[in-house]
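Dear colleague,

I am handing over the structure we spoke about, and below it you will find notes on its aromatic pairs and on one further residue.

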Amino acid sequence: MREPSQSFPYLSYLGILLAGKPLLVTFEKKNGDVREMLCTLNEASIPEHKRYFATDRAESTEILAVYDLQKEDWRSFRIASVQNIEYLQEEKIADMVASGV
């Protein structure tokens with residue numbers, strides 16, 4: 001796990017990646033569980049009535065708020081807890097969103 005002081009460059013990089021295609025991000029939750037989340041920051045993929053939630057939150061260099069496409073709501077994770085970032089094929093994204101898993 002990265003130290004918090006090392007998180008800032010990753011935050012910018014992840015933000016740029018998430019503004020494009022959805023990503024499957026694997027990270028460790030505070031309780032130690034490992035979670036995979038299909039998420040995005042691309043406004044075209046976020047319902048209009050939920051687009052501005054992230055702008056109401058205080059900016060952080062250690063935590064990134066993203067739109068979870070499966071839970072259909074905003075979630076956040078600590079940058080230092082990210083274990084893997086993966087682009088998926090369009091078919092896989094559609095399957096994951098449809099299943100809600």
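A residue is called buried when its relative accessible area is under 20%, and W74, with a relative accessible area of 8%, is therefore buried. Please keep in mind as you read on that this is a predicted model.

A search of the whole structure finds two aromatic pairs. In one of them F27 and F77 are stacked, with 5.1 Å from centre to centre and 25 degrees between the planes. Because F27 belongs to strand β1 (residues 23-28) and F77 to strand β4 (residues 73-78), this pair ties together parts that are 50 residues apart in sequence. Both partners count as buried, F27 at 4% relative accessibility and F77 at 3%.

W74 takes part in an aromatic pair with Y67, and here the arrangement is edge-to-face, with 5.7 Å from centre to centre and 80 degrees between the planes. Y67, at 2% relative accessibility, counts as buried, and W74 is buried as well.

The further residue is L38, which is found in strand β2 (residues 34-40) and is buried, with a relative accessible area of 0%. Leaving aside residues up to four places away in sequence, L38 touches a set of residues that includes Y67, along with P22, L23, L24, D68, L69 and Q70, and also L88, I93, M96 and V97. The C-alpha atoms of L38 and T26, which are 12 residues apart along the chain, are separated by 9.0 Å.

With best wishes

Notes: Residues numbered from 1 in each chain as written. Predicted model: local features only at pLDDT ≥ 70, side-chain atom pairs only at ≥ 80, totals over all residues. Heavy atoms only, no water. Phe/Tyr/Trp six-rings, centres within 6.5 Å; stacked < 30°, edge-to-face > 60°. Helix = DSSP H or I, 4+ residues; strand = E, 2+ residues; numbered from the N terminus. Buried < 20%, exposed > 50% of the residue type's maximum accessible area, 1.4 Å probe, protein only. Contact = heavy atoms within 4.5 Å.
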